[in-house]
Every structure is written in C-alpha cells, then in structure tokens.
Amino acid sequence: MMPDLLPAASRRDFLRSASGLVAAAALPQESKPNQQDDVQLSQIHAKTEQPEKVPGPIESSDQRTGYAIVGLGRLALGEILPAMGKSKYSKPVALVSGDREKAHKIAAQYGIKPTSVYDYTTYDQLASNPEVKAVYIVLPNSLHEEFVVRGAKAGKHILCEKPMATSVKACEHMIAACKTASVKLMIAYRSQYEPYDKALVKMIRSGKFGTLKQFISTNSQNQGDPTQWRLKKSLAGGGCMPDVGVYCLNAARFLSGEEPTEVFAAIDQPKDDPRFTEVEASCQAILKFPSGFTATFNTAYNAHKSQFLRVEGTEGFAELNPAFAYHGIKMKFSLYEPQLKLEMAHEPAIEEKDQFAEEMDHFSLCIQKDLQPHTPGEEGLQDQRITDAIYESARTGKPIRLQPPPSPTRGPEPTEEA
Ligand code: NAD
C-alpha cells in the first residue's frame, strides 16, 4: 500500500500520471507516443467559445528530463514532487536527503530506484547517474550556494529555489560555477510561470492600462515555531524580506519590466519577541524606477497571512488577490469603456495550472532545446542586490542608489514550447 505521505488530491494526480508512465514504459519502443504522433482531438465547440482543453504534446517517460530533488522538506514533499506528476517534460529520478528512511519511503512512493537515493555526502556521486540531467535545490537558503556549485561540478543543470542565496557574492559564485561547468542555472520564481501573472504581463506590455505608475503589494504570514531555520540568520540570510518579501520585489520588477534606481526601506525587529532575536519581523520598502514608476511593498512574519498586489496605470489598474499563493490566484482589473461610458470591472477566469509543473517544464524544455531560461541566475542575483540595498537603507535611514544590472536579467518570456 502507498505510504500516506501525500495529500489525497496529490496522490490521485500522481497515481493518474504514474499509471500513464507505466503504460508508456510497457509499450514497445517504436509505438511509444512522441510529439509527432501525439493523440489530437478536434474542437467541437463554436469559435466564439473558449477552446476546449484537448491533449497536447506529452513526452514519453524516457524522454522527460530526469531530476534529483535535493532536500525533502515541506516544499519538496508538498508541492514539487506532486507537481512532477502533472508535468509534461519533467520526472523525478533521484532523491538527496539527510534522512535515509524518509528518502527510501518517498522513493518507493514515486517509483524511484533505491540505488538513486543519496545523502548530502554522496550527492556528488550523481555525476555517474546518467538518468539525472538536472538537480532541484530545495534546501534552506544559505545551503543553496554549496549544493548549486557541487551540482554543477557533477555536470547537472540546476533549478534552485528562491531566494537564490544569502549574499551577492554567493549568487555570483553560483553563476560562475554553472558557466564554468557549461550547465544551465534557473531560479524557481514560480509566479513568473503562473497563468494570471503571465496574462498580466501581456496586458501591461500591450498598453491596456496606459503607462504604469504605481505598484502596491503585501506578502505576510505569521510564523510559529521560534526554532525553525527561517528565523536563523545563518541559514535564512534574513527574515520575512528574502523569504516572502522577495515575491513582491520580484513582481514589481517583472511586471514593470524595469529595474529600480533607488530604494528606501524600514524594518522592525521587536526586542520582546523570541522569534525575532536574529532576523526582522517586518519590512516596508519603496522603490523608484527610471520611468517614474514606483513600487511600495510590505512584508511581515508577524502579521496574519495576506498576499496581494495591485498595478496602477494612467488608464486602468489590475489586482491579484491572492497574488502569491500556490493555488487559487484571482485577478480583477478595471478600465473605462468609452463605448459604454462606464468604468468596468473585470474578473477574468484563466485556467489554473500547477505553477511548479509549469516552472519545471520550462526548465526541462530549455535543457532539451538548449534555450536560455526565463529566470536565470542573474534574476536571483538582481533581487539579492536590491535586498542588500533594502537592509542598508533600513540600517542607515537613507535612500540607497542602485546601479542598473549590466545586462537583462531575464531570458525570453516562457511559451508553450519552452
Ligand atoms: P523545510 O524546512 O520544510 O525543508 C528543508 C529541508 O532541508 C528539510 O528536509 C531539512 O531536513 C533539510 N536540511 C538540510 N540541511 C539542513 C539544515 N542545516 N538545517 C535545516 N534543514 C536542513 O523548508 P522548505 O519550506 O521546504 O524550504 C526549502 C527552500 O524552498 C527554501 O529555500 C525556501 O525559501 C524555498 N521555498 C520556496 C517556496 C516557493 O513557493 N517557491 C515555498 C517554500 C519554500
């Protein structure tokens, strides 16, 4: 019987996809599905209806990019491994964990060979496992640098969780190590692969809201356990800012398509709260961009969960609320309709897709087609530079000037083909 480690919905998704994989594996080589002879069903509804969801290209199991998942904590077990069951181009083929018993249980659950379970000391032996094309680093923040560098030396492409690291120097080291090893590096900014965010980027770029003027956002949650690594500076690098504030910061950048030139920030670290002996409990930041666009955001580890963003242009505004959740993102936008002589509020219903599956599949296609990822290491490095400036501003009480990055920090916008 399958150990009860996954939520029911995720187990269903996995079983559905796992049985598909087993069926594909059982077919003789020449009759395995591929993108050329993929099952295609015709559309039966009128052209005025939203097109139905029909099967698209799905790679057979042996053509999917094999990942080693490094670190089996909440995110890996709760989101990333279940999302592999929904992905088209990615599959888990190895696990790396300090807890052998847990790793073997999860390996059995996901059909991963017991010989493909590693610990943090045997991690480098991934070099001789040809099934593993990429590693997905899901460890506490300050460990990202070491495991990215070792993964690159083992010849594997690297998908690394946000925040990229805990210092600019570490980010630069990670980028250089991947360049030297000729492997790709992508930072797992899942929001940039999420359908509502992607639609919002398109609407902004098309000029739907006129010229963007303001961005306002919050990403807060109330932390419990005072002993967790997220509250230890040496492991987390900071408090709420690099963990959840980075979503607001990154969204201000990718929605506007601009880079900030100045930042002014304040942080609070209450002395009487045992959770915050090492890191900030809350942070407020104001960022100025070259066009005159400004971004203001709040982030906290001591306020009730709240996640929204709003972009305001000269001719309309849009909100995502919740903005940064794993599921159930919602959008509203408001525009004046001259023909109707009315300000109209819209709530588009965009098909939900698993953000982690979308993000992993983008990276897998970049590996398979040798393309540049949309969120490479440079994107994480730029957020780290701005985060450092936020802390410096909070410490000095002064605005901090920022130099533009030497080159664009993002690759081409993700499409269905990558
Ligand atoms: P977690 O604490 O649940 O898991 C961390 C894993 O690392 C555990 O299995 C733990 O055993 C292991 N580990 C190895 N060395 C450790 C050490 N020295 N101290 C503590 N743990 C150690 O954390 P998580 O929530 O899975 O977060 C992991 C990473 O994923 C972080 O970088 C975090 O910022 C990121 N994250 C991203 C998202 C997202 O939406 N993209 C969400 C949550 C977490």
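**Charges, rings and a ligand**

E378 is partly exposed, with a relative accessible area of 25%. Before going on, bear in mind that what you're looking at is a predicted model. E378 makes a handy way in, since it pairs with K179 in a salt bridge whose closest N and O atoms are 3.5 Å apart. E378 belongs to helix 10 (residues 377-396) and K179 to helix 5, so this contact ties together parts that are 199 residues apart in sequence. What about K179 itself, buried or exposed? K179 counts as exposed, at 58% relative accessibility.

Helix 10 also takes part in another salt bridge, the one where the side chains of R253 and D383 meet at 2.8 Å, N to O. Here R253 sits in helix 8 and D383 in helix 10, so the pair joins parts that are 130 residues apart in sequence. Now check the accessibility of these two. R253 comes out as buried at 0%, and D383 is buried too, at 1%. Salt bridges with shared partners then gather R253, E259, E379, D383 and R410 into one network. If you're selecting residues in a viewer, that set is a good one to put up together.

Charge pairing of this kind has a simple background: side chains of opposite charge can pair when their charged atoms come close. How many salt bridges does the model have? The count comes to 17. One of them is formed by D243 and K162, with the closest N and O atoms 3.1 Å apart. D243 lies in helix 8, while K162 is in the loop between strand 5 (157-160) and helix 5 (168-180), so the bridge ties together parts that are 81 residues apart in sequence. D243 is buried, with 7% relative accessibility, and K162 is buried as well, at 11%. Both labels follow because buried means under 20% relative accessible area. D243 has another long-range relation worth pulling up: its C-alpha atom is separated by 8.8 Å from that of N141, although D243 and N141 are 102 residues apart along the chain.

N141 leads on to the ligand. Which residues come nearest to the ligand? Out of the 23 residues around it, R74, N141, R190, W229 and Y247 do. For polar contacts, try three residues. L72 uses its backbone, with an N or O atom 3.4 Å from a ligand oxygen. H144 brings a polar side-chain atom to 3.0 Å from an oxygen of the ligand. E161 addresses a nitrogen of the ligand instead, with a polar side-chain atom 2.9 Å away. How much of the ligand does the protein cover? The protein covers 80% of the 830 Å² of accessible area that the ligand has on its own.

Next, the rings. Searching the whole structure turns up six aromatic pairs. Among them is the pair of Y247 and F324, which is tilted, at 5.8 Å centre to centre and 45° between the planes. Y247 is in helix 8 (residues 240-256) and F324 in the loop between strand 12 (316-320) and strand 13 (331-337), so the rings tie together parts that are 77 residues apart in sequence. Y247, one of the residues that come nearest to the ligand, is buried with a relative accessible area of 16%. F324 is buried too, at 2%.

The edge-to-face pair of Y326 and F356 has its ring centres 5.6 Å apart and 65° between the planes. Y326 is placed in the loop between strand 12 and strand 13, and F356 in helix 9 (residues 355-369), so the pair links parts that are 30 residues apart in sequence. The partners fall into separate exposure classes: Y326 is partly exposed, with a relative accessible area of 35%, whereas F356 counts as buried at 2%.

Two further ring features round off the tour. Ring pairs link Y120, Y123 and F147 into a cluster. And where does the charged end of R310 sit? It sits over the ring of F317, 4.1 Å from the ring's centre.

Definitions and conventions
Residues are numbered from 1 along each chain as its sequence is written. This is a predicted model: local features need pLDDT of at least 70, side-chain atom pairs count only at pLDDT 80 or more; totals for chains, interfaces and linings use all residues. Side-chain values use heavy atoms; hydrogens and water are left out. Rings of Phe, Tyr and Trp (its six-membered ring) pair if their centres lie within 6.5 Å; planes under 30 degrees apart count as stacked, over 60 as edge-to-face and the rest as tilted. Helices (H or I, at least four residues) and strands (E, at least two) are DSSP runs, numbered from the N terminus. Buried means under 20% relative accessible area, exposed over 50%, partly exposed in between (1.4 Å probe, protein chains only). A charge sits over a ring if NZ of Lys or CZ of Arg is within 6 Å of the ring centre and within 35 degrees of the ring normal. A salt bridge is a side-chain nitrogen of Lys or Arg within 4 Å of a carboxyl oxygen of Asp or Glu. A residue is near a molecule or strand if one of its heavy atoms lies within 4 Å of it. A polar contact is a pair of N or O atoms within 3.5 Å; within protein, one must be able to donate a hydrogen and the other to accept it, and residues adjacent in sequence count only if both atoms are side-chain atoms. Accessible areas come from the Shrake-Rupley method with a 1.4 Å probe; for residues, only the protein chains shown count as cover.
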